[in-house]
Amino acid sequence: MSQDAFSNRSRAVQAMGRIEPETGGVTPPIHVSTTYIRDPDNGYASGFVYGRPDNATTREAEEILAMLEEAPAGALLFSSGMAAATTVFRALDPGDHIVAPKVMYWALRNWLATEAARWGIVVDFVDATDLAALRGAMRPGATKLVWIETPANPLWDVADIRAAAKIAHEAGARLAVDSTCASPVLTRPIALGADIVMHSATKVLNGHSDVIAGALAGARDDDFWRRIVAIRKSEGAIIGPFEAYLLTRGLRTLHLRVERQCASAMTLTRLFSEHPLVSGVLYPGLPDHPGHAIAAGQMEGGFGYMLSIRAAGGAQAAIGAAARVRLWKRATSLGGVESLIEHRASIEGPGTPCPDDLLRLSVGIEDARDLYDDLDAALRTTRD
Ligand SMILES: *Cc1c(COP(=O)(O)O)cnc(C)c1O
C-alpha cells in the first residue's frame with residue numbers, strides 16, 4: 001500500500017515510512033559526506049555532487065515538511081529561521097517594495113528596517129490585522145511581497161491569511177507567512193492562498209531546544225522559488241546533516257507535542273484569565289481576543305502553544321514573577337518540550353510594541369497544573 005494513503009500525522013511519525021536499504025533500519029543514517037563519487041561516464045546518477053547545495057539527510061526532513069505543509073514546490077531547510085526568512089527578501093530586486101507587519105518577530109523586523117533597506121528594499125510596516133491598512137499599503141506594480149506572521153510575537157495578533165493572499169495577489173505581489181507559532185499541525189498557509197511559508201524550525205518543529213534551523217515551503221516551483229533555491233545553494237545557508245537528522249527526529253512527535261501544548265495553553269489561559277494579579281491574557285483561543293474568529297477559521301485543532309500574560313502590578317511585578325518561577329525556565333525562544341517564560345520588553349528594547357508588564361509564555365508538555373501552580377506562586381510572592 002502506498003504511504004500516500006495514510007494521514008500526514010501517520011507519515012510524519014514514521015518519517016515517511018522509509019526503511020534504510022542496506023540494513024533494514026527503521027531510522028535513517030546521517031549522511032555526512034561533503035562530496036560524492038562521479039560516475040565513469042562523467043555524470044552524477046545519484047543526484048548528489050557536493051554538500052553545500054544538497055544532502056540526503058536534509059532531503060528526508062524536507063520531504064516530511066513539504067508533506068505537512070502541503071507544499072507543491074517542496075520545502076528547503078536552512079541554517080536558521082533568519083537565514084530562511086532573509087533568503088526570501090534576498091530573492092527580491094533593489095527598488096522592490098514590501099509590506100510587513102508592525103507586530104512580528106523582532107529580529108526580523110530589525111533586519112528589514114536596517115539591512116534590507118540598505119540594499120534598496122522599500123519596507124512599509126502596517127497593522128496586519130487591519131485589512132484596510134494592508135490594502136492601503138499596496139503599491140500595485142512595485143509591491144512584490146507581503147509578509148505576515150500569525151499568530152504574531154509577542155501579542156499573538158492574528159492575520160487573516162486568506163484575505164492577505166487576496167490583497168497581495170490583486171496587487172501583483174506574493175504572500176509569505178511566518179507560521180512558526182502555528183506549525184503545520186494547526187495551519188497550512190499554502191492551502192489558504194499563501195505563496196511561501198517560513199518557519200523557525202528551531203522552535204516547535206524540532207521541539208527539543210537543541211537545533212537552530214529554518215525552513216521555507218513553496219506553493220509553486222516558479223522563477224521566484226528557483227531563485228530562493230539558487231541563493232541557498234550559492235550562499236551555503238543549508239542546515240547541517242546532524243541538525244537535519246535531529247529535526248526529522250523531532251518531527252516524528254510534532255502532532256503529539258503540539259496537541260498537548262495547545263491544550264495546556266488553553267488551560268493556562270482560562271486559569272490566568274481569572275487570576276487577581278493578571279490584568280490580561282493574550283491568546284487567540286480566548287473568545288474575546290480580537291483575532292479569535294479569524295483564528296478559528298484558519299487554525300485547526302488548537303490556537304497555538306504561545307500566550308502572554310500581563311502582570312497587574314506592572315513591569316517590576318512581571319520581572320519579579322519571572323525571577324521566582326521554579327518549573328518554568330526563564331529563557332528566550334519557544335516551542336520546546338520545556339516551558340519558557342520571558343519578560344519580552346527587556347529583550348526587544350526601545351521601540352517595541354510589547355507592553356513592559358508582559359510575560360511571554362511558551363507552553364511545553366509538563367503537567368499544566370504544575371505550570372499554573374508555579375507561576376501562580378511566583379506572581380503572588382511579588383506582592384509581599
Ligand atoms: C525564532 C523565530 C524566528 C527566527 O528563527 P531563528 O531560528 O532563531 O533564526 C523567526 N520568526 C519567529 C516567529 C520566531 O519565533
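Between which helix and which strand is the loop with Glu70 found? Let's work this out together, along with a few more exercises on this predicted model.

**Exercise 1. Locate Glu70 and describe its backbone and its surroundings.**

Step 1: Begin with the place. Glu70 is found in the loop between helix 2 (56-69) and strand 1 (74-78).

Step 2: Look at the backbone angle. Glu70 has a phi of about 50°, a positive value, although this residue is not a glycine.

Step 3: Check the exposure. The relative accessible area of Glu70 is 39%. Buried would need a value under 20%, and exposed a value over 50%, so Glu70, at 39%, counts as partly exposed.

**Exercise 2. Is Trp156 buried or exposed, and what is its phi?**

Step 1: Find the residue. Trp156 lies in the loop between strand 4 and helix 6.

Step 2: Read the angle. Phi of Trp156 is near 65°, which is positive, and Trp156 is a residue other than glycine.

Step 3: Apply the cut-off. Buried means under 20% relative accessible area; Trp156 has 0%, so it is buried.

**Exercise 3. Find the cis peptide bonds that lead to Pro151 and Pro154.**

Step 1: Go to the loop. Pro151 is placed between strand 4 (143-149) and helix 6 (161-170), and Pro154 is in the loop between strand 4 and helix 6 as well.

Step 2: Inspect the bond before each proline. From Thr150 to Pro151 the peptide bond is cis, with omega near -15°. From Asn153 to Pro154 the bond is also cis, with omega near -15°.

**Exercise 4. Describe how the protein surrounds the ligand.**

Step 1: Find the site. The ligand sits in the second largest pocket.

Step 2: Count the neighbours. The ligand is surrounded by 14 residues, and the closest are Met82, Asp178, Ser200, Thr202 and Lys203.

Step 3: Sort them by class. The shell has five nonpolar, six polar and three charged residues.

Step 4: Ask which elements contribute. Helix 3 (81-90) and strand 6 (196-200) each supply at least two residues of this shell.

Step 5: Look for polar side-chain atoms beside the ligand. One belonging to Asp178 lies 2.7 Å from a ligand nitrogen atom. For Ser200, the distance to a ligand oxygen atom is 2.8 Å, and for Lys203 a polar side-chain atom lies 2.7 Å from an oxygen atom of the ligand.

Step 6: Finish with the cover. On its own the ligand has 380 Å² of accessible area, and the protein covers 93% of that.

Key. Residues numbered from 1 in each chain as written. Predicted model: local features only at pLDDT ≥ 70, side-chain atom pairs only at ≥ 80, totals over all residues. Heavy atoms only, no water. Near = heavy atom within 4 Å. Polar contact = N/O pair within 3.5 Å; in protein donor to acceptor, adjacent residues only side chain to side chain. Areas by Shrake-Rupley, 256 points an atom, 1.4 Å probe, with all protein chains shown as cover. 1 Å grid on protein atoms, 1.4 Å probe; cavity = no way out; pocket = protein on both sides within 12 Å on 5 of 7 lines; lining within 4 Å. Sits in = over half its atoms within 2 Å of the grid points. Helix = DSSP H or I, 4+ residues; strand = E, 2+ residues; numbered from the N terminus. Nonpolar A, V, L, I, M, F, W, Y, C, P; charged D, E, K, R; others polar. Buried < 20%, exposed > 50% of the residue type's maximum accessible area, 1.4 Å probe, protein only.
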